[in-house]
Amino acid sequence: MALQLKFFLSFLSIALIPLLIVSFFVFQRIRSDSNVLFIILQFVVVSIFFTSLWASFTFSRPIVHLAELARAIGNKNFSKRVRIVSRDEIGTLGNAVNKMADQLEAAHVGLEETIKERTSTLMEEKAKDEAILASISDGVVMIDEKGGILFINPVAERMVGLRLKDVRGENYGSAFRIENEEGTMLPFEKQSLAQALTLQKSYTTSITEATYIVRSDTTRFPVSISTAPVILAGKIVGAVGVYRDITKDKQIDKAKTEFVSLASHQLRTPLSTISWYGEVLLSGDMGPLTPKQRKYLEEIYNSNQRMVALVGALLNVARLELGTLIVEPITTNIVGLIKTVLSELRATVIKKQFIVKEIYGKKIPLLSVDPKHMSIIFQNILSNAIKYSPSQGVIEINLDLRKKGSLLDEKKKASQDVLLFQVTDTGIGIPLAQQERIFKKLFRADNARAHDPDGTGLGLYIVKSIIDLFGGEIWFQSEEGKGTTFYVTIPLEGMVKKAGTRALT
Amino acid sequence: MILLFTKSTLLEKGIIFYEHTKTYTILVVEDEVPLLEAISRRLERNGFWVVTARSVDQAMNHLQDIEKVDIIWLDHYLLGGATGLEFLEKLKSSDSSWKNIPVFVVSNTAGADKVKTYMQLGVEKFFIKAEKRLDEIIDEIKKALETPVNNLK
């Protein structure tokens, strides 16, 4: 409106003002017929009026239309267009604005389509993720960096007897009650999910670590927990934990241990009967024996003893392999342990007239190891050295600290700080062709078998298994007929405590 | 054939027994009959008065009937379901002098947790049957008796 008015008034004044001025001067000169002139003047004024009106309308219309279109576009109405037919600059402007409106409309429609597509894809993926989490048979929990619950999946909901909507945002410790074997509840900071936040490390509990989730109805069940921190762009934003119900696993484990226990008992019972009856007979309690009878009885008795040793060794192997072993590290004096083992073998050493050299390094530290296991290692290696060496041999025992990178023998280097235990004997040695089987279960080298028929073939296997457990190494150098040197490395960081269910005997 | 009627030969032949001023009474709790026989024989040879039981109930009965039992030889698996451990618990929780009787466990089960439980309840020693000679066990029992066994828990 305003524009049209402006145009109208402009045209009017452009036309009328000079007309009026001229008319005024003309009327001053002419006296007669002034009425006629006056009428003509009025006629002219009126026509000027209407002409201006029409002109203003024509000039302003395209601009007004353009303004309306612009406003419509501004209001997201992309369907309006202007119809401007003049072939001048106004017409060009009109076409250009029309084209612009076309493109805006197309773009707008295109954008909406894209948004619809993307949204539906996201919804699909979200549905897929939710389906995955819902179908995982373990409980999944995600917490934020402060410990508030962000998410728990349906299995986790069932595990604790709470719904996601009830616990979202709650601190994890208040919703999840986790306790140890004795029933003492673990505070949130001590739980592995919290540890994942603070230590920023992943961790998985093992079957033997007793962790129980307590449901809302106060029943409990054992779980294995795997936790990991969640890091986004270098910052820790939370942690995720996976909880697995290990009731079945624990039952299987218990069954395994009981089997070994039962087997141990069942095998040993008849063996002990034979042993003791043999003992009573050989003692003469049941009457005197002829030399032949004694000889045969002794054979029975000795075989029985071999059987006893074999059963004992097999049971240890079973415990090692089933992983039901207890490791109880305590600060141990390794040198003292070696000396104790040696003293137990003293009788044989004296009988076979051995020379035993003990060379211990100067500052052997106390180590955190399980002394029972270490004893088994020393006992086995030392008794082998004694057993397989002819009389009057020399046995040299070395125990020393070796720093990381230093030489252990001519070829090997220490990959960490270790204690190196070495035993060298002047015994029958291990034939080259049989050396690679020396640590295998029940293997005995031919010359060993000939020298002493009584071995179980399990000693070194057990020793190696124990050493593998604490991350040490065992190897040897040997020449048949000359002697053997066995090497054992014990990492200075010692053994890790493991709460198994059985010890080696 | 000249038989030497010396005390030692008579002893060896089982004709006479040790004349102690004190004969120790030992209660042997073991379910296997053949083993009971061998054990009893050997113990008698060593001068013990032997009472045998094959189950916890039998053992409890003997304890009640006999005036004084000096030592107990205890196996773990016994007749009737109740184990040596339960017998030991009964012993230790009684308020008579029974809880002070030294107990030697002789069993073929040697699970570390079992051994620990026995030791915690209070036994003199735990032997693995298959790995010990009868004589060795008896010697250790005799040694324990001769030392002032007044470190009773």
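**Figure 1. Ser478(A) and its surroundings in strand β13 of chain A.** In this predicted model, Ser478(A) lies in strand β13, which covers residues 473–479 of chain A. Ser478(A) has a relative accessible area of 17%, so this serine counts as buried, the cut-off being under 20%. Have a look at the side chain of Ser478(A), which reaches the backbone oxygen of Gly483(A) at 3.3 Å. The side chain of Ser478(A) also makes a polar contact of 3.0 Å with the side chain of Thr484(A). Setting aside neighbours within four places in sequence, Ser478(A) is in contact with Gly429(A), Ile430(A), Gln435(A), Gly483(A) and Thr484(A).

**Figure 2. The largest nonpolar core, with Leu382(A) as a guide.** This core has 49 residues, and the members that touch the most others are Ile338(A), Ile377(A), Phe378(A), Leu382(A), Phe421(A) and Ile490(A). Helix α10 of chain A, residues 334–351, gives the most to this core, with eight residues. To find your way around, start from Leu382(A): not counting residues up to four places away in sequence, Leu382(A) touches Ile338(A), Val341(A), Leu342(A), Leu345(A), Ile397(A), Phe421(A) and Val423(A). A second, separate core of 26 residues includes Met159(A), Val160(A), Ile236(A) and Ala239(A).

**Figure 3. Chain A as the setting for these views.** If you step back from the side chains, chain A shows 13 helices and 14 strands. Of its 505 residues, 39% count as buried. Among the contacts in chain A with a separation of 6 or more, 64% are between residues 24 or more positions apart.

**Figure 4. Where chain B meets chain A.** Here 30 residues from chain B come together with 22 residues from chain A. The area buried between the two chains is about 2300 Å², and carbon and sulfur atoms give 56% of that area.

**Figure 5. Salt bridges and polar contacts between chain B and chain A.** Four salt bridges are counted between chain B and chain A. One of them brings together the side chains of Arg42(B) and Asp285(A), at 2.3 Å from N to O. Ten residue pairs, both members at pLDDT 80 or more, are in polar contact between the chains. On the chain B side, the elements that give two or more residues are α2 (33–45), α5 (112–121) and α6 (134–146). The largest share comes from α2(B), with eight residues. By residue type, the side of chain B that touches chain A divides into 13 nonpolar, three polar and 14 charged residues.

Definitions and conventions
Residues are numbered from 1 along each chain as its sequence is written. Chains are lettered from A and ligands numbered from 1 in the order in which they are written. This is a predicted model: local features need pLDDT of at least 70, side-chain atom pairs count only at pLDDT 80 or more; totals for chains, interfaces and linings use all residues. Side-chain values use heavy atoms; hydrogens and water are left out. Contact means heavy atoms within 4.5 Å. Buried area is the accessible area (1.4 Å probe) that two parts lose on being put together, summed over both. A polar contact is a pair of N or O atoms within 3.5 Å; within protein, one must be able to donate a hydrogen and the other to accept it, and residues adjacent in sequence count only if both atoms are side-chain atoms. Helices (H or I, at least four residues) and strands (E, at least two) are DSSP runs, numbered from the N terminus. Ala, Val, Leu, Ile, Met, Phe, Trp, Tyr, Cys and Pro count as nonpolar, Asp, Glu, Lys and Arg as charged, and the others, Gly among them, as polar. A nonpolar core is a set of buried Ala, Val, Leu, Ile, Met, Phe, Trp, Tyr and Cys residues joined through side-chain atoms within 4.5 Å. Buried means under 20% relative accessible area, exposed over 50%, partly exposed in between (1.4 Å probe, protein chains only).
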